[in-house]
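Trainee: I would like to take a close look at a single part of this model and then see how that part sits within the rest of the chain. Could you take me through it carefully?

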Amino acid sequence: MPSGIDNHMPRKFDSEIYISPADEWIFRGNPIDKEEILTYFRNNLHGNEKGVYIENTFGELSEHGYIKIDGFPCHVLHVEVLEDEILFLTDDGRSYPFGAFEIYETKDGGILGLRSIEDRIKYRFTWNAAKELSDLLIEEDGFTYLDWKGVKMQIPMYEGEVTVPLPNDYS
């Protein structure tokens with residue numbers, strides 16, 4: 001093996017995957033609609049200072065395929081209110097407790113979610129999940145609050161962008 005090559009550095013590239021404003025995953029103009037592939041992609045999404053990428057690992061080799069996002073790559077499918085916590089079940093095959101998952105109000109009156117450790121990957125609430133969450137929300141004086149177990153917390157307004165461009169290296 002030639003010296004100076006690091007086999008542990010991931011290969012980085014434009015995956016040519018695009019998330020449309022309607023949350024469709026598109027590869028080279030063709031929709032990706034196989035649910036097992038979408039679950040894999042969603043489960044392996046990561047963000048960094050450059051953008052959002054899908055991480056693929058093959059033994060000791062890995063690659064980061066960056067994606068362009070104009071919609072929501074992930075969705076909250078169900079909000080489960082338990083005795084001692086609120087869980088957000090998502091289409092990336094995970095469930096997040098409130099605290100590890102943050103909710104924000106959008107300027108258009110919607111709600112979006114973010115994992116506390118990841119600010120570039122946003123979650124749209126499905127109609128059912130939004131209805132389940134709405135049972136915990138109250139509006140007062142133009143503000144929205146989460147009211148749970150006697151504690152009322154204001155839902156902050158999301159000031160960021162939903163879109164995430166491709167890194168400059170690949171656009």
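Trainee: Is D141 buried or exposed, and what is its relative accessible area?

Mentor: The model is a predicted one, and what follows should be read with that in mind. D141 is exposed, because its relative accessible area of 76% lies above the cut-off of 50% that the term requires. The residue lies in the loop between β13 and β14, and its backbone deserves attention, since phi of D141 is near 50 degrees, a positive value in a residue other than glycine. As a general matter, most residues other than glycine have a negative phi.

The two strands on either side of that loop run antiparallel, and four bridges join β13 to strand β14, the latter covering residues 143-148. One of the bridge pairs can be named: I138 has Y145 in β14 as its bridge partner. Both strands belong to an open sheet of three strands, in the order β13-β14-β15, with antiparallel pairing. The edges of this sheet are formed by β13 (137-140) and β15 (151-154), each of which pairs on one side only. Neighbouring strands of the sheet are turned by 35 degrees against each other on average, when direction is ignored.

A useful counterpart to D141 is D23, which also is not a glycine and has a positive phi, in this case of about 70 degrees. D23 lies in the loop between β1 and β2, but its relative accessibility is 12%, and therefore it counts as buried. The strands that flank D23, β1 (residues 11-19) and β2 (residues 25-27), pair in the antiparallel sense over three bridges, and I19 has W25 in β2 as its bridge partner. These strands are part of an open sheet of six, in the order β3-β2-β1-β6-β5-β4, whose pairing is mixed. Here β3 (30-31) and β4 (45-47) stand at the edges with a single partner strand each, so one side of each is left without a neighbour in the sheet. Helix α1, residues 35-43, lies across β1, β2, β4 and β5 (52-58), and it runs at about 105 degrees to β5.

Another loop of this region, between β5 and β6 (61-69), holds E60, which counts as exposed because its relative accessibility is 62%. The C-alpha atoms of E60 and H8 are separated by 6.7 Å, although the two residues are 52 apart along the chain.

As for the wider setting, the protein has two helices and 15 strands, and its C-alpha trace spans about 65 × 30 × 30 Å along the principal axes. Buried residues make up 39% of the 171 residues. Among contacts between residues at least 6 apart in sequence, 52% join residues at least 24 apart.

Finally, the largest pocket has a volume of about 370 Å³. Its lining consists of 17 residues, of which T106, D108, G110, I111 and R124 lie nearest the centre. By class, the lining has eight nonpolar, five polar and four charged residues, and β11 (111-115), β12 (118-125) and α2 (127-134) each supply at least two residues to it.

Terms used: Residues numbered from 1 in each chain as written. Predicted model: local features only at pLDDT ≥ 70, side-chain atom pairs only at ≥ 80, totals over all residues. Heavy atoms only, no water. Pairing = 2+ DSSP bridges. Contact = heavy atoms within 4.5 Å. Axes fitted to C-alpha atoms, helices over the stretch in contact; angles between N-to-C directions. 1 Å grid on protein atoms, 1.4 Å probe; cavity = no way out; pocket = protein on both sides within 12 Å on 5 of 7 lines; lining within 4 Å. Points joined across faces, edges and corners; volume = space filled by probe spheres on them. Nonpolar A, V, L, I, M, F, W, Y, C, P; charged D, E, K, R; others polar. Buried < 20%, exposed > 50% of the residue type's maximum accessible area, 1.4 Å probe, protein only.
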